[in-house]
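This briefing sets out selected features of one protein chain for a reader at the bench. Please consult the sequence and the structure below alongside the text.

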Amino acid sequence: MLIANVSPRTGGKTTNSGWLAHALLEAEAEYDVIGFDADHSQQFRSWSITGEFAFPVKPAATAKFHDEITVPDGKTGIVDCGHTENHPDITNSVLRVADLVILHMSPTKADFDRIIDPPDKTKIGDIIAMSAALRGDRKPPPTWVLLNRTIAGASSTGLYREMMEDEGWNVLTTVIPRSEAFGQSVSFPVSGAAKGPFGTLVTELEKKGLLK
Ligand SMILES: Nc1ncnc2c1ncn2[C@@H]1O[C@H](COP(=O)(O)OP(=O)(O)OP(=O)(O)O)[C@@H](O)[C@H]1O
Ligand SMILES: [Mg+2]
């Protein structure tokens, strides 16, 4: 299966892709992970090298992703997409074949506005909806919002959860807190991912039947 990590702009995708991938590897089900980097920055791929990941992250910043990339049978693919604001064609291609889409955002007005009301870009919700026409099942991929860089006890988490739900989005119960450990993690080895919020995230995805 293929999990697409998306956001209109910087949203915590690379950090969360790395940690989610490791939480899947460390899970009881021992998911056999493979990464794809569909962002021109190639930061997920670079992290896999400097951080000595136990799985490969393949370069895949191409608008032919749906044609060129195949997730081998039994593997769980994690794809880190670039900004849909600047590179919609790559994400359009990924969305044709994604089995699950995770939209990464902070519970802030800045992130909310770029998702819900971008002044001169296609809304990411519309991009996902339009992908249906080019998918095998003619349905948009299951899509869930993951709130990240949340502050414990802050009202913003509940507020933006509600605001996103009011806009018709599914929002995961699990949130990823703001922390120095996550903030400084890109480019370094990852361990113990399953013990923290990313382990909780994997359990939630399993319970919701979102992981194949
Ligand atoms: N849970 C967290 N706590 C604190 N800082 C975080 C957390 N997650 C991400 N960050 C920081 O937020 C910034 C954006 O994260 P990241 O690079 O993962 O986003 P991105 O969506 O991949 O961005 P881009 O699309 O520009 O590549 C980075 O400085 C990162 O270190
Ligand atoms: Mg990134």
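Is Ala194 buried, partly exposed or exposed? With a relative accessible area of 29%, Ala194 is partly exposed. The model is a predicted one. The points below begin with the surroundings of Ala194 and then turn to helix H9, the salt bridges, the surface charges and the backbone.

**Ala194 and its surroundings**

- Ala194 belongs to the loop between H8 and H9.
- Although Ala194 and Glu26 are 168 residues apart along the chain, their C-alpha atoms are separated by 5.8 Å.
- Residues up to four places away in sequence aside, Ala194 touches Ala23, Glu26 and Gly199.

**Helix H9 and its cover**

- Helix H9 spans residues 197–207, and its buried residues are Pro197, Phe198, Gly199, Leu201, Val202, Glu204 and Leu205.
- The cover over these buried residues includes H1, strand E5 (100–105), strand E6 (143–150), strand E7 (176–177) and helix H8 (180–183).
- Gly199, which is in contact with Ala194, is one of the buried residues of H9.
- Just after H9, Gly209 has a positive phi of about 70°.

**Phe182 in helix H8**

- Phe182 is a residue of helix H8, and its relative accessible area of 12% makes it buried.
- Apart from neighbours within four places in sequence, the contacts of Phe182 are Thr15, Trp19, Ile176, Pro177, Pro197 and Phe198.
- Of these contacts, Pro197 and Phe198 are among the buried residues of H9.
- Phe182 and Gly136 are 46 residues apart in sequence, and their C-alpha atoms are 36 Å apart in space.

**Asn148 in strand E6**

- Asn148 is located in strand E6 and is buried, at 2% relative accessibility.
- When residues up to four places away in sequence are not counted, Asn148 touches Gly11, Gly12, Asn16, His104, Met105, Ser106, Pro107 and Ile176.
- Ile176 thus appears among the contacts of Asn148 and also among those of Phe182.

**Salt bridges**

- Seven salt bridges are present in the structure; the pairs described here include Asp111 with Arg9, Lys109 with Asp113, and Lys208 with Glu204.
- Between the side chains of Asp111 and Arg9, the N to O distance is 2.7 Å.
- Asp111 lies in helix H5 (residues 109–116) and Arg9 in the loop between strand E1 (2–6) and helix H1 (13–26), so this salt bridge ties together parts that are 102 residues apart in sequence.
- Within this pair, Asp111 is buried at 7% relative accessibility, whereas Arg9 is partly exposed at 22%.
- In the salt bridge between Lys109 and Asp113, the closest N and O atoms are 2.9 Å apart.
- Lys109 and Asp113 are four residues apart in helix H5, which places about one helical turn between them.
- In general, an α-helix has 3.6 residues a turn, so residues three or four places apart point the same way.
- Lys109 is partly exposed, at 46% relative accessibility, and Asp113 is likewise partly exposed, with a relative accessible area of 27%.
- Lys208 and Glu204 are joined through their side chains at an N to O distance of 2.6 Å.
- Lys208 counts as partly exposed at 34% relative accessibility, whereas Glu204 counts as buried at 9%.

**Negative surface patch**

- Asp117, Glu162, Glu165, Asp166 and Glu167 form a negative surface patch.
- One member of the patch, Asp166, is in helix H7 (residues 155–166) and is exposed, with a relative accessible area of 63%.

**Positive phi outside glycine**

- Glu30, a residue other than glycine, has a positive phi near 50°.
- Glu30 is placed in the loop between H1 and strand E2 (32–38) and is exposed, with a relative accessible area of 62%.
- Arg138 is not a glycine, yet its phi is positive, at about 60°.
- The position of Arg138 is in the loop between helix H6 (124–131) and E6, and Arg138 is exposed, with a relative accessible area of 57%.

Definitions and conventions:
Residues are numbered from 1 along each chain as its sequence is written. Chains are lettered from A and ligands numbered from 1 in the order in which they are written. This is a predicted model: local features need pLDDT of at least 70, side-chain atom pairs count only at pLDDT 80 or more; totals for chains, interfaces and linings use all residues. Side-chain values use heavy atoms; hydrogens and water are left out. A salt bridge is a side-chain nitrogen of Lys or Arg within 4 Å of a carboxyl oxygen of Asp or Glu. Helices (H or I, at least four residues) and strands (E, at least two) are DSSP runs, numbered from the N terminus. Buried means under 20% relative accessible area, exposed over 50%, partly exposed in between (1.4 Å probe, protein chains only). Contact means heavy atoms within 4.5 Å. Patches are made of residues with over 30% relative accessible area and no salt bridge: like charges are joined within 9 Å, nonpolar side chains (Val, Leu, Ile, Met, Phe, Trp, Tyr) within 5 Å. Accessible areas come from the Shrake-Rupley method with a 1.4 Å probe; for residues, only the protein chains shown count as cover. Lys and Arg count as positive and Asp and Glu as negative; His and the chain ends are not counted. The place of a charge is taken as NZ of Lys, CZ of Arg, CG of Asp or CD of Glu.
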